[in-house]
Amino acid sequence: MTQRPSAPSDVEAWSAVDQYYDALLKTADPILEAALVESKAAGLPEIQVSPLQGKLLYLLAKAHRPQRILEIGTLGGYSTIWLARGLPSDGRLVTIEHSARHADVARANIARAGLEHQVEIRVGPALEVLPLLESEGAGPFDMVFIDADKPSYPEYLDWSVKLARPGSVILADNVVRRGDVIEAQSEDVNVQGIRRMNEAIARNPRLSATAIQTVGAKGHDGFLLALVLPAQ
Ligand code: SAH
Ligand code: DHB
Ligand code: MG
């Protein structure tokens, strides 16, 4: 696999710009900071969205006014808090997390944010929880954030479309991976998963999508945004 490491000087420059905008736009607050501190103290990997990306999730939710949000991949609940803060007061968020340990950390972080009445954490492998949500009639979800294991992204996309409605917005994180996404022959199962999802999106006439590359404190990556169109 071709490695495209980002030079340290690049990451430093990108981080400095993140810091400039974080300070100017006040993306940090004590509750979100506490979620990061507690997640790190509990030994969770530091792979949550950046503060500026979290605020994008929040602003997209605010603008889209979802009654229901679905998140696949909770970790310590950092992106969950950003998304849930974008909900109207009667809106709900369901987030799926395989690791009971991660879910415990997230539960405490979400409670500290005062969002426990709007957020439901479902613990288990997403491919087991998603059919349960369907049979419970938990949808339709107006907004979906896919951010769990990358090899299952194609299945997560299928479920997201199934649980969505025309007008729903589907977001997927980590769709660039330092540029590795363009390697058609990649043996990296993460890259393969993202590419298979992308090909399914391209084939699906009910989805209109874009992908935005990002750089910042977390390096070079990107997210995909798809809108579910009305059935023809
Ligand atoms: N959305 C979070 C980051 C999620 S990291 C944020 O930005 O704050 C990815 C998470 O997906 C990890 O917590 C991992 O345990 C979880 N995960 C991995 N495989 C999973 C699966 N099969 N089902 C559900 N969750 C899974
Ligand atoms: C990584 C980053 C993520 O945002 C994620 O969801 C999974 C893994 C990473 O940098 O390894
Ligand atoms: Mg991610």
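The exercises below, each with a worked solution, deal with the ligand site, the pockets and the cavities of a predicted model.

**Exercise 1. Find where ligand 1 sits and describe that space.**

Step 1. Start with the location: ligand 1 takes up the space of the largest pocket.

Step 2. Take the volume of the largest pocket, which is about 910 Å³.

Step 3. Turn to the lining. The largest pocket is lined by 50 residues, and those nearest its centre are Ile 47, Asp 147, Lys 150, Asp 173 and Asn 174. Two or more lining residues come from each of helix 1 (8-25), helix 3, helix 4 (78-85), strand 2 (92-97), helix 8 (189-203) and strand 7 (221-228).

Step 4. Sort the lining of the largest pocket by class: 18 residues are nonpolar, 19 polar and 13 charged.

**Exercise 2. Describe the surroundings of ligand 1 and its polar contacts with side chains.**

Step 1. List the neighbours. There are 20 residues around ligand 1, and Gly 73, Ser 79, Glu 97, His 102 and Asp 147 come nearest.

Step 2. Sort this shell by class: nine residues are nonpolar, seven polar and four charged.

Step 3. Look for pairs of N or O atoms within 3.5 Å. Ser 79 places a polar side-chain atom 2.8 Å from a nitrogen atom of ligand 1. For Asp 149, an N or O atom of the side chain is 3.1 Å from a nitrogen atom of the ligand. For Tyr 156, the corresponding distance from a side-chain N or O atom to a nitrogen atom of ligand 1 is 3.3 Å.

Step 4. Work out how far the ligand is covered. Ligand 1 taken alone exposes 590 Å², and the protein buries 88% of that.

**Exercise 3. Describe the second largest pocket, and state which helix gives the most to its lining.**

Step 1. The volume of the second largest pocket is about 340 Å³.

Step 2. Its lining has 21 residues, with Glu 33, Leu 36, Gln 48, Pro 51 and Lys 218 closest to the centre.

Step 3. Helix 1 and helix 2 (30-41) are the elements that give two or more residues to this lining. Helix 2 gives the most, with five residues.

Step 4. By class, the lining of the second largest pocket holds nine nonpolar, six polar and six charged residues.

**Exercise 4. Count the cavities of 30 Å³ or more and compare their linings by class.**

Step 1. The count comes to two cavities of 30 Å³ or more.

Step 2. Take the largest cavity, which holds about 90 Å³ of space. Its lining consists of Val 49, Gln 53, Leu 56, Leu 57, Phe 145, Leu 171, Asp 173, Thr 214 and Phe 223. Helix 3 (51-64) and strand 5 (169-173) are the elements that give two or more residues to this lining. Helix 3 gives the most, with three residues.

Step 3. Take the second largest cavity, which holds about 40 Å³. It is lined by Leu 36, Ser 39, Leu 44, Pro 45, Gln 48, Leu 75, Gly 76, Gly 77 and Tyr 78.

Step 4. Set the classes side by side. The lining of the largest cavity has six nonpolar residues, two polar and one charged. The lining of the second largest cavity has five nonpolar residues, four polar and no charged.

How values were computed:
Residues numbered from 1 in each chain as written. Chains lettered and ligands numbered in written order. Predicted model: local features only at pLDDT ≥ 70, side-chain atom pairs only at ≥ 80, totals over all residues. Heavy atoms only, no water. 1 Å grid on protein atoms, 1.4 Å probe; cavity = no way out; pocket = protein on both sides within 12 Å on 5 of 7 lines; lining within 4 Å. Points joined across faces, edges and corners; volume = space filled by probe spheres on them. Helix = DSSP H or I, 4+ residues; strand = E, 2+ residues; numbered from the N terminus. Nonpolar A, V, L, I, M, F, W, Y, C, P; charged D, E, K, R; others polar. Near = heavy atom within 4 Å. Polar contact = N/O pair within 3.5 Å; in protein donor to acceptor, adjacent residues only side chain to side chain. Areas by Shrake-Rupley, 256 points an atom, 1.4 Å probe, with all protein chains shown as cover. Sits in = over half its atoms within 2 Å of the grid points.
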